[in-house]
Amino acid sequence: MNTVAQITQADRELLIQRWESLFEREPPPQIHTALMRRVLAWNVQMKQAGLDPFAGRQPASRPPVTLRPGTRLLREWQGTTHEVRVLDSGFDYAGQTYKSLSAIARAITGTPWSGPLFFGIKR
């Protein structure tokens, strides 16, 4: 069944076979035939439009951010702007070298923070 017309003409048994083929599982036990038709027809229409009907299943991953030496990170916290410079190995904040952004975030806030989240590098 590769067209909407074929789906609208198919009996329940064929719809179940198509459902199992598409979703790799049986349809829900009490699903109405009309609902199966709509779901399967939607799937066909998405494919005909060149779209992946299952694209929303996996969240889009963003490439990791690479911080190059010399990069400045700025963060305002409680009315004060804090500046961090990326070094070859570590980070400079307020004249002190830290191994991680999380250690700097903790020094600024006094509480455990994810440094990448605190500085807006990771969402």
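**Exercises: a sheet, a helix and two cores**

Four strands make an open sheet in the order β1-β2-β3-β4, with antiparallel pairing. This is a predicted model, where local features need pLDDT of at least 70 and side-chain atom pairs count only at pLDDT 80 or more, while totals for chains, interfaces and linings use all residues. Residues are numbered from 1 along each chain as its sequence is written, and side-chain values use heavy atoms, leaving out hydrogens and water.

**Exercise 1.** Find the edge strands of the sheet.

*Solution.*
- Start with the terms: strands are DSSP E runs of at least two residues, and helices are H or I runs of at least four, numbered from the N terminus.
- Two strands pair if DSSP finds at least two bridges between them.
- β1 (72-77) and β4 (96-98) each pair on one side only, so they are the edges.
- Now look at β2 and β3: they share 4 bridges in the antiparallel sense, and Val-86 is partnered with Phe-91 of β3.

**Exercise 2.** Work out which element gives the largest share of the largest nonpolar core.

*Solution.*
- Such a core joins buried (under 20% relative accessible area, 1.4 Å probe, protein chains only) Ala, Val, Leu, Ile, Met, Phe, Trp, Tyr and Cys residues through side-chain atoms within 4.5 Å.
- This one has 13 residues, and Val-84, Leu-101, Ile-104 and Phe-119 have the most contacts inside it.
- β2 (80-87), β3 (90-93) and α4 (101-109) each supply at least two residues.
- α4 wins, with 4 residues.
- A separate second core of 10 residues includes Leu-22 and Phe-23.

Key
Buried means under 20% relative accessible area, exposed over 50%, partly exposed in between (1.4 Å probe, protein chains only).
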